[in-house]
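The following explanation leads from the overall fold to individual helix contacts. Please keep the sequence and the three-dimensional view at hand while reading.

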Amino acid sequence: MTPTPAHETSERATSPHTRRFGLPVATALVMGNIIGGGIFLLPASVAPFGTVSLVAFGVLTAGALALALVFGRLAERHPRTGGPYVYARAAFGDFAGFLAAWSYWITTWVSNAALAVAAVGYLDVLLPVGGSPLTMCAAALLVQWLPALANLAGTRYVGAVQVVATVLKFVPLLLVAVGGLFFFDPAHLGPFRTEGHSALGAVSASAAILLFSYLGVESAAVSAGEVRDPRRNVGRATVLGTLGAALVYLLGTLAVFGLVPHDELVASQAPFSAAVDAMFGGTWGGAAVAVAALVSMTGALNGWTLLSAQTPYAAAHDGLFPRVFTVKRRGVPVAGVLVTTVLASSLTVYNYAFGAGGVFETLVLVTTFTATVPYLLSSAAQLYFLASGQRDRVRRGRLVRDTALAGAAFAFSVWLVAGSGYAAVYQGVLFLFAGVAVYAWMAARRDRAAGARVPEAVLEAVPETERKAVEEAVEEAVGDAVGEAVREPAGPPVPAPAGR
């Protein structure tokens with residue numbers, strides 16, 4: 001049986017009055033985390049597959065809703081900060097929990113690098129930074145480190161940035177999604193399916209790219225420790241936020257397809273700016289959208305930089321990540337923020353050094369693969385709880401529905417892995433294998449700390465029927481002592497970020 005994490009006790013003891021938000025704000029959190037910077041570039045990223053990518057939106061929305069419902073079910077019995085990490089560890093033990101935490105952590109900082117690359121495309125609308133890879137790389141690094149500095153200044157500043165960014169991000173999206181339909185020209189749509197792709201292959205490939213825009217569906221579950229009445233509100237907020245984001249996405253992408261000619265859209269670095277220019281003529285509209293997009297992406301990076309530190313923060317409390325990730329200053333896990341930003345910056349430099357073309361798509365596909373690991377493990381955890389008869393971990397009276405949802409979420413995640421492509425799976429697996437070495441190192445440290453065993457001479461003096469009970473009692477006592485050793489002093493809860 002998996003031991004109770006050291007920090008779970010403190011979460012259980014937290015007063016309900018310290019919860020930061022209820023259902024409306026939790027829904028806004030999910031919707032704000034889903035709708036971030038990725039949508040501003042994705043219409044151009046999926047345009048090469050043709051308008052069949054709109055079908056992928058529908059399929060992806062159905063799969064995302066299945067995942068949302070599964071997260072809601074799991075959060076009812078595991079209302080703790082950590083989300084997929086918590087569920088995988090509860091079902092399958094430390095190694096599965098570590099894989100979920102490691103892959104989710106990779107997802108956050110790789111997608112931060114992708115967001116910075118997307119932001120450079122809109123910055124080029126305002127300033128000529130796209131002339132050389134060196135200039136573009138420098139701009140991407142600047143976009144990453146400004147939010148990191150805001151995080152290090154404290155959670156109060158993180159929240160202030162999020163309020164502004166969340167409001168401004170919806171202005172260009174709603175303008176194009178609603179107003180663009182009045183300027184819609186079917187002649188701009190291009191082919192339904194481009195050559196070189198079967199219909200199923202095009203749907204799978206475009207869905208793998210589009211998943212990047214749905215990252216954040218797990219936000220309420222990851223931040224369950226800060227949600228008021230999480231057993232009730234996490235599931236509802238996840239579903240409502242996913243539905244709202246899907247509606248904005250579908251209308252916005254459809255409008256861009258009908259506003260910008262297909263050949264221009266495929267080559268565009270700022271498709272929403274091009275769409276507004278097509279609506280009103282001139283370049284002022286595109287420049288205004290570019291400003292709003294940059295604010296939105298900066299806000300997304302601001303929130304997700306903090307979110308990227310929360311999962312290793314939870315895992316470090318359980319001894320699965322280095323203890324340095326538990327260090328907090330002004331309510332922020334400092335080491336998590338710094339390490340995440342350095343890794344994202346290194347990946348940005350690496351990709352620009354080997355050619356800027358296709359950087360965004362490559363990073364998005366790697367993120368898609370690593371995101372499916374915690375999704376797969378969460379879905380498998382729900383299936384395990386259902387199949388093993390642990391009714392205290394699932395909703396009673398809904399066995400058939402919960403099983404169907406978990407099976408659909410699992411199959412959906414496997415399908416996304418297939419659609420990621422060989423290159424993304426190859427790079428993603430390398431990231432995961434690097435994590436195995438980290439787990440081995442951490443496991444060795446835990447074993448040394450908990451290595452106190454009953455001497456053989458003492459065991460021989462104990463009746464054979466009682467030896468196992470004595471060994472288990474000693475191991476449990478040592479485990480409790482180790483848990484106390486890694487527990488952080490009580491402090492204010494980490495507020496959940498908003499804004500992918």
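Helices are DSSP runs of H or I with at least four residues, numbered from the N terminus. In that numbering, Ala140 belongs to helix H7, which covers residues 133-152. The model discussed here is predicted.

In overall composition, the protein contains 20 helices and two strands. Its chain has 500 residues, of which 56% count as buried. The exposed surface comes to about 20,100 Å², with carbon and sulfur atoms supplying 66% of that area. Among contacts between residues at least 6 apart in sequence, 85% join residues at least 24 apart.

The interior can be approached through its nonpolar cores. In soluble globular proteins, nonpolar side chains tend to be buried together. The largest nonpolar core of this model holds 126 residues, and the members that touch the most others are Tyr122, Phe272 and Phe321. Helix H6, residues 94-126, gives this core its largest share, namely 19 residues. A second core, separate from this one, consists of five residues, including Ala148, Leu306, Ala309 and Val337.

Two of the highly connected core members deserve a closer look. Tyr122 lies in helix H6, and it counts as buried because its relative accessibility is 0%, where the cut-off for burial is under 20%. Beyond its neighbours within four places in sequence, Tyr122 is in contact with Phe40, Leu41, Gln269, Ala270, Pro271, Phe272, Ser273, Ala290, Ala293, Leu294 and Met297. One of these partners, Ala270, is 148 residues away along the chain, yet the C-alpha atoms of Tyr122 and Ala270 are separated by 5.5 Å. For Phe321, with neighbours within four places again set aside, the contacts are Phe98, Ala101, Trp102, Trp105, Pro312, Ala315, Ala316 and Met442.

Helix packing is the next topic. Two packed helices are described by the angle between their axes and the distance between the axes. Helix H6 meets helix H7 with axes that come within 8 Å and cross at roughly 120°. This angle makes H6 oblique to H7, and the crossing is right-handed. On the H6 side, the residues involved are Asn112, Ala113, Ala116, Ala119, Val120 and Leu123, which meet Met136, Ala139, Ala140, Val143 and Gln144 in H7.

Helix H6 also packs against helix H15, residues 334-353, at an angle of about 55° and with the axes 9 Å apart. H6 is therefore oblique to H15 as well, and H6 passes H15 in a right-handed crossing. Here Trp105, Trp109, Val110, Asn112, Ala113, Val117 and Val120 of H6 meet Val339, Thr340, Leu343, Ala344, Leu347, Thr348 and Tyr352 of H15.

Ala140 links these two interfaces. Leaving out residues up to four places away in sequence, Ala140 touches Ala116, Val120, Thr348 and Tyr352. With a relative accessibility of 0%, Ala140 counts as buried. The C-alpha atoms of Ala140 and Gly121, which are 19 residues apart along the chain, are separated by 9.7 Å.

A further helix pair involves Phe272, already named as a core member. The axes of helix H11, residues 230-259, and helix H13, residues 271-280, come within 9 Å and cross at roughly 60°. H11 and H13 are therefore oblique to each other, and their crossing is left-handed. At this interface, Gly252, Val256 and Leu259 of H11 meet Pro271, Phe272, Ala275, Ala278 and Met279 of H13.

Burial also extends to a short helix and to a loop position. Helix H5, residues 84-92, is mostly covered, with seven of its nine residues buried. The buried residues of H5 are Pro84, Tyr85, Val86, Tyr87, Ala88, Arg89 and Ala91. Just after H5, Gly93 adopts a positive phi of about 100°.

Thr51 is located in the loop between helix H3 (42-46) and helix H4 (53-77). Its relative accessibility is 11%, so Thr51 counts as buried. Apart from residues up to four places away in sequence, Thr51 touches Leu189, Pro191, Phe192 and Phe257. Thr51 and Thr253 are 202 residues apart along the chain, and their C-alpha atoms are separated by 9.9 Å.

Key
Residues numbered from 1 in each chain as written. Predicted model: local features only at pLDDT ≥ 70, side-chain atom pairs only at ≥ 80, totals over all residues. Heavy atoms only, no water. Buried < 20%, exposed > 50% of the residue type's maximum accessible area, 1.4 Å probe, protein only. Contact = heavy atoms within 4.5 Å. Areas by Shrake-Rupley, 256 points an atom, 1.4 Å probe, with all protein chains shown as cover. Core = buried A, V, L, I, M, F, W, Y, C linked by side-chain atoms within 4.5 Å. Axes fitted to C-alpha atoms, helices over the stretch in contact; angles between N-to-C directions. Parallel < 35°, antiparallel > 145°, perpendicular 65-115°, else oblique. Left-handed = near helix turned anticlockwise from the far one by under 90°.
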